[in-house]
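Okay, thanks everyone for coming. I'll put the structure up and then talk through the contacts that caught my eye.

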Amino acid sequence: MKIPFELAETVAAVVDEGTLDAAARRLHITPSAVSQRIKVLEEQLGRVVLVRSKPVRATEAGAAVIRLARQAALLEHDTLAALGADPDAGGRTSVPLAVNADSLATWFLEPLASLSQRHPVVFELHRDDQDFTAGLLESGTVMGAVTSRATPVAGCRVSGLGAMRYEAVATPAFVERWLGGDRRTSLETAPVVDFDRRDDLQREWLAAEGIDPALPPRHYVPASNDFATAVRLGLGWALLPTFQSHGPLASGELVRLGGRPVDVALHWQQWNLRSPLLDGIADEIVTEGRRVLRRA
């Protein structure tokens, strides 16, 4: 059995765009043609590849097809480049990557900007917690990811980047108001800023201090720069990457709460394909990560 490339490409387009209509516009065909392609592929495979939800999502079989489509497009780009043809005459190559919010807000965009000046690519970034970005590799959603997972995802290879250090900080006024008394009692009642309900950095730090992490009241601010702003405005205390806290600490806008800093080891994982384009992207990201992150 062979999977025609245009059928695999159509599945990827539908999942990327979220609807059959949007995929049709991207592929310059009619929605009925998109639907027909999906039907043909599902009949060939004997499996459902898409869940017709809003947005449309891939089944396990669909994820495998999407991975094939992305790998084929990448290899086609590299082959045309090797032949001296313009691989992007019809448009720049889209490269989907996954990255955690704090890396995205601090160091990750610089290597991408450098890459975009040398290669005809556009980047589609998927932001998620570093503990979950590897799942986007497994599903075929992205080609590479910054992740806390050191064990390679099946079909991928991994390179160490370094560690992002976090320190517990707050404004002097917040410390005076909430943390002036007994440290244990104060930390049980002082408001905390969490990124979202999966953010466990503050919980880990509290547990290390002997505090029940469930006790303090919590604000949830799910954007890295806004998260740091919330701490600088005195909404609560939190652990900030040293990238974001260095300046405010030096100026006295923030103060350290003490306790052990938390180092989060980060890794770069990418598909295990010998692709000059993907390898060039990896080299730039890994070089920059090792330059700016702490040695793990």
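So, Asp16, Glu17, Arg26 and Arg70 are joined up in a network of salt bridges. Keep in mind that this is a predicted model. Within that network, let's look at one pair: the side chains of Asp16 and Arg70 meet in a salt bridge, with N to O at 2.7 Å. That pair links distant parts of the chain, since Asp16 sits in helix H1 and Arg70 in helix H4, residues 60-82, with the two positions 54 residues apart. Buried or exposed, what is Arg70? It counts as buried, because its relative accessibility is 10% and the cut-off for buried is under 20%. Asp16 comes out at 24%, so that one is partly exposed.

The whole structure has 17 salt bridges by this search, and I'll show you two others. Asp128 pairs with Arg198, and their closest N and O atoms are 2.4 Å apart. Both ends are in loops here: Asp128 between strand S4 and H7, Arg198 between strand S7 and H10, 70 residues apart. Arg198 is partly exposed, at 39% relative accessibility.

Then there's Glu209 with Arg183, at 3.1 Å, N to O. Glu209 is in the loop between H10 and strand S8, while Arg183 is in helix H9, so this bridge ties together parts 26 residues apart in sequence. Glu209 is partly exposed at 26%, and Arg183 is partly exposed at 37%.

Arg183 also takes us to the inside, as it is one of the residues in contact with Trp205. Leaving out neighbours within four places in sequence, Trp205 also touches Ala168, Leu187 and Trp237, among others. Trp205 and Trp237 are both among the residues with the most contacts inside the largest nonpolar core, which has 49 residues. Elements giving two or more residues to this core include strand S6 (156-170), helix H10 (201-208) and helix H13 (276-292). Apart from it there's another core, of 18 residues, Leu41 being one of them. As a general point, nonpolar side chains in soluble globular proteins tend to be buried together.

Last stop, back to H1. Where does H1 meet H3, and how do they cross? Their axes come within 9 Å and cross at roughly 115°, and the crossing is left-handed. On the H1 side the contact uses Glu6, Leu7, Thr10, Val11 and Val14, and on the H3 side the residues include Val34, Arg37 and Leu41. The contact residues split into 7 nonpolar, 2 polar and 2 charged. Okay, over to you.

Notes: Residues are numbered from 1 along each chain as its sequence is written. This is a predicted model: local features need pLDDT of at least 70, side-chain atom pairs count only at pLDDT 80 or more; totals for chains, interfaces and linings use all residues. Side-chain values use heavy atoms; hydrogens and water are left out. Axes are lines fitted to C-alpha atoms, for helices over the stretch in contact, and angles run from 0 to 180 degrees between N-to-C directions. Helices (H or I, at least four residues) and strands (E, at least two) are DSSP runs, numbered from the N terminus. A crossing is left-handed if the near helix is turned anticlockwise from the far one by less than a right angle, and right-handed if clockwise. Contact means heavy atoms within 4.5 Å. Ala, Val, Leu, Ile, Met, Phe, Trp, Tyr, Cys and Pro count as nonpolar, Asp, Glu, Lys and Arg as charged, and the others, Gly among them, as polar. A nonpolar core is a set of buried Ala, Val, Leu, Ile, Met, Phe, Trp, Tyr and Cys residues joined through side-chain atoms within 4.5 Å. Buried means under 20% relative accessible area, exposed over 50%, partly exposed in between (1.4 Å probe, protein chains only). A salt bridge is a side-chain nitrogen of Lys or Arg within 4 Å of a carboxyl oxygen of Asp or Glu.
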